[in-house]
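Student: I have a structure to go through. Please show me how to read its sheets and a ligand site.

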Amino acid sequence: MNLRGTTIRFFTPFKKEKKGEIMKKSEEYIYYGAGAYAADHFNDFRAEYAPLCFCDRAASQGGGKTLFGLPVLPPSAMLEEYPDASIVITLHPQNKLKVQAWLLEDMKIPSSRIANFEPYEKVYSCSYIENDIYSHNDSWILCCSDYGRNVSPSVKFQAGASAVEIVSELKRLKHDTLKAIQDDTPCACTGCRNLKMVVRRLGSESPVNNINFIHTCPCNLKCQYCGGRGVRYQEEFNIDWELRREIIEVLKQQGLVKPHTAAFIGSGEITIHSKRREILETFSGMPCMIASNCVIYDEIVADFLVKENAYLFCSVDAGTRETYAKIKGQDLFDKLRNSLQKYAQGGAAIELKYIFLPGVNDNEDDVEGFTRLASELKARKVILSRDCTNMTPLDEFTIDMMAKLFIHASDMSIPAELLIPDVLSGDENERLMKRISLYTQGFLKEKRARGCKRGENFCMEAGS
Ligand SMILES: C[S@@+](CC[C@H](N)C(=O)[O-])C[C@H]1O[C@@H](n2cnc3c(N)ncnc32)[C@H](O)[C@@H]1O
Ligand code: SF4
Ligand code: SF4
């Protein structure tokens, strides 16, 4: 089916009411979403809506989990126990509308039950264009080029242009690209695998959820999966950080940057960047994710992490010294561990990432070593990913190791997530979910004790 030009709109049947009196129809509300956003904003939600319980797709059927003393139910239990209670969606704005659409369309919950319902439409677009912008050297780009697979739509900053003019260029680029996608006229996005029906807020221009700063700057490692290692991460591109600061201010004034908009600082290696203080100051006051390989402990970065609303995002990708050296090109696992411990002791929030590389780090020792490290550091989350330059379908063995990572993390009470759902294909996602559920039922334990070999399709054998 060709979805181009298709737009489906969903309106609330209720009139919009003033903030503070938004459709309060029941005394207590189910909070849908029990993740970090719900926890961080619990008091804000509670000031407006009295909580009844939490509901989360990740909650186990058997129940037992609580958050702020309230039970966390899976959706099936929520529907059964509270068939009429109103719902407040307590998810990050970037995820809220997608889940809202799922509640309405798949769970058949009427919009009248959703207290903070927002009218939305479904359009043929791409989640990068809808959520992100990228500042790359002297250009705007609309995606990370999907790790080099496509030519990202881009526009250069004109020499001497003001922040207002540069923001206008960004808006024009977005508008022209979306129009070309809708009209099916050739553009940089033509043929991109990320084009699909996506959910968008109706009405005012959607805010940017993530501003990514991916400038050319040096790095001290050579990760085997990183496209930048040989080319982009050798020398420093001369960036006018004052101009970047002005651009963010203009984006704020125009309502494109909201308080929840996150800055992603992630090119080269921040801890060795000569202008790291200046770079970090640019994002003061915004939620920030600082990507670092963390082999160096840096005071400026450490200071920023504790003073600001920022967290450290470190792609560890291994749980043993040998595998780490193989992937990163240097024998620095112990140094990494020490430096991460210093950041953690200083009070930094840390998320650790694991890029699954078939045949390299998809084994029990690495997965277990990694989750142990996450537990030692009291990491607030672990993130699973893959080498995005290699979309060869992941075999059952790698999927099994991903499931094991989820299970180990859950045993240690560390939330685990995929980087983005699209990092796996629909089929891979399904296989992973099935495998996790087999583990949680204890079904594969016996099989695993007998040992499984790479290439063996033991999920099927288990008769699932
Ligand atoms: C390019 S790095 C720069 C920041 C820092 N040096 C680091 O390693 O975190 C930013 C992020 O891109 C991720 N990355 C790089 N190449 C990738 C690939 N081929 N597939 C998936 N993620 C990749 C890294 O894991 C890291 O989290
Ligand atoms: S459709 Fe593809 S090329 Fe275009 S912005 Fe999205 S990810 Fe990038
Ligand atoms: S540390 Fe980061 S920038 Fe450096 S090679 Fe690895 S992923 Fe690339």
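Tutor: Start with pairing. Two strands pair if DSSP finds at least two bridges between them. Strands are DSSP runs of E, at least two residues long, numbered from the N terminus. This is a predicted model, where local features need pLDDT of at least 70, side-chain atom pairs count only at pLDDT 80 or more, and totals for chains, interfaces and linings use all residues. Residues are numbered from 1 along each chain as its sequence is written, while chains are lettered from A and ligands numbered from 1 in the order in which they are written.

Student: How many bridges link strand β13 and strand β14?

Tutor: Three bridges join β13 (residues 257-265) to β14 (residues 288-291), in the parallel sense. A263 has C288 of β14 as its bridge partner.

Student: Which order do the strands take in the open sheet of ten?

Tutor: The order is β10-β9-β8-β12-β13-β14-β15-β16-β17-β18, with mixed pairing. At the edges are β10 (154-156) and β18 (416-418), each paired on one side only.

Student: What about the sheet of five strands?

Tutor: It is open and mixed, in the order β4-β5-β3-β2-β6. β4 (66-67) and β6 (86-89) each have a single partner strand, so one side of each is left without a neighbour in the sheet. Inside it, β2 (residues 29-32) runs parallel to β3 (residues 51-55), with four bridges. I30 faces C53 in β3.

Student: Which residues are closest to ligand 2?

Tutor: A residue is near a molecule if its C-beta atom, placed from the backbone, lies within 6 Å of it. Here 14 residues surround ligand 2, the closest being C126, C143, C189, C192 and N194.
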